[in-house]
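Here are some worked exercises to try with the model open beside you. Take each task on your own before reading its solution.

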Amino acid sequence: MSESATEELKPNAPSMGASAGLPPEEIDRLTDDIVAALKTVYDPEIPADIYELGLIYRVDIADDRQVAIDMTLTAPGCPVAREMPGWVENAVSTVPGIAGVTVNMTFDPPWDQSRMSDEARVALDMW
């Protein structure tokens with residue numbers, strides 16, 4: 001992973017994985033672009049993006065450029081539970097070089113506030 005991608009990975013950051021079949025510089029570019037795409041998706045009730053909220057648990061990039069994302073919600077009964085995976089899929093699908101995106105919803109482990117970045121804590125005034 002590039003230094004810029006590594007700097008972005010905070011305690012709330014998802015595990016990022018990529019197959020060894022892609023060149024390292026391409027993995028770095030895809031990683032940076034995927035994180036940027038994820039940061040464009042917001043829960044409409046919370047003024048912080050889903051990446052900074054810690055809702056993304058895992059991102060894997062396969063040799064065939066298929067991306068698998070494991071994510072959660074702040075609560076299982078979230079009003080946008082049906083729409084949010086589609087928003088994530090649409091956002092990441094815009095990344096050049098991505099062949100496809102699969103979003104898997106999980107509640108294991110359950111999300112808690114410790115997954116939020118400092119940026120999200122500031123936006124939500126939660127210290």
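**Exercise 1.** Find how strand 3 and strand 4 pair, parallel or antiparallel, and over how many bridges.

*Solution.* Start with the elements: helices (H or I, at least four residues) and strands (E, at least two) are DSSP runs, numbered from the N terminus. Two strands pair if DSSP finds at least two bridges between them. Strand 3 and strand 4 run parallel and share six bridges. For one of these positions, look at Asp-70, whose bridge partner in strand 4 is Asn-104. Next, add the helix: strand 3, helix 4 and strand 4 form a right-handed β-α-β unit. Right-handed here means that, with the strands pointing away from the viewer, the path from the first strand over the helix to the second runs clockwise.

A word on the model: it is predicted, local features need pLDDT of at least 70, side-chain atom pairs count only at pLDDT 80 or more, and totals for chains, interfaces and linings use all residues. Residues are numbered from 1 along each chain as its sequence is written, and side-chain values use heavy atoms, with hydrogens and water left out.

**Exercise 2.** Locate Pro-76 and say which residues it contacts beyond its sequence neighbours.

*Solution.* Pro-76 sits in the loop that joins strand 3 to helix 4. Its relative accessibility is 61%, so it counts as exposed (buried is under 20% relative accessible area, exposed over 50%, partly exposed in between, with a 1.4 Å probe and protein chains only). Setting aside neighbours within four places in sequence, Pro-76 contacts Ala-81 and Phe-107 (heavy atoms within 4.5 Å). Finally, compare sequence with space: Pro-76 and Pro-110 are 34 residues apart along the chain, while their C-alpha atoms lie 8.9 Å apart.

**Exercise 3.** Work out which elements supply the largest nonpolar core, and which of them gives the most.

*Solution.* A nonpolar core is a set of buried Ala, Val, Leu, Ile, Met, Phe, Trp, Tyr and Cys residues joined through side-chain atoms within 4.5 Å. The largest one has 36 residues, and those touching the most other members are Ile-34, Leu-38, Val-67, Ile-69, Val-88 and Val-92. At least two residues each come from helix 2 (24–38), helix 3 (50–53), strand 2 (56–61), strand 3 (66–71), helix 4 (84–93) and strand 4 (100–105). Helix 2 contributes the most, six residues. Now zoom in on Val-88: apart from neighbours within four places in sequence, it contacts Leu-38, Val-41, Ile-50, Ile-69, Met-71 and Val-103.

**Exercise 4.** Trace the salt bridges that Arg-29 forms with Glu-26 and with Asp-33.

*Solution.* The criterion is a side-chain nitrogen of Lys or Arg within 4 Å of a carboxyl oxygen of Asp or Glu. Glu-26 and Arg-29 meet it, their closest N and O atoms being 2.8 Å apart. These two are three residues apart in helix 2, so about one helical turn separates them. Arg-29 also bridges to Asp-33, again with closest N and O atoms 2.8 Å apart; this pair is four residues apart in helix 2. An α-helix has 3.6 residues a turn, so residues three or four places apart point the same way.

Check exposure next: Glu-26 is buried at 16%, Arg-29 is partly exposed at 29%, and Asp-33 is partly exposed at 27%. Then widen the view: Glu-26, Arg-29, Asp-33 and Arg-65 are linked in a network of salt bridges.

**Exercise 5.** State how many salt bridges the rule gives.

*Solution.* The count is six. One further pair to inspect is Arg-58 and Asp-60, bridged at 2.0 Å from N to O.
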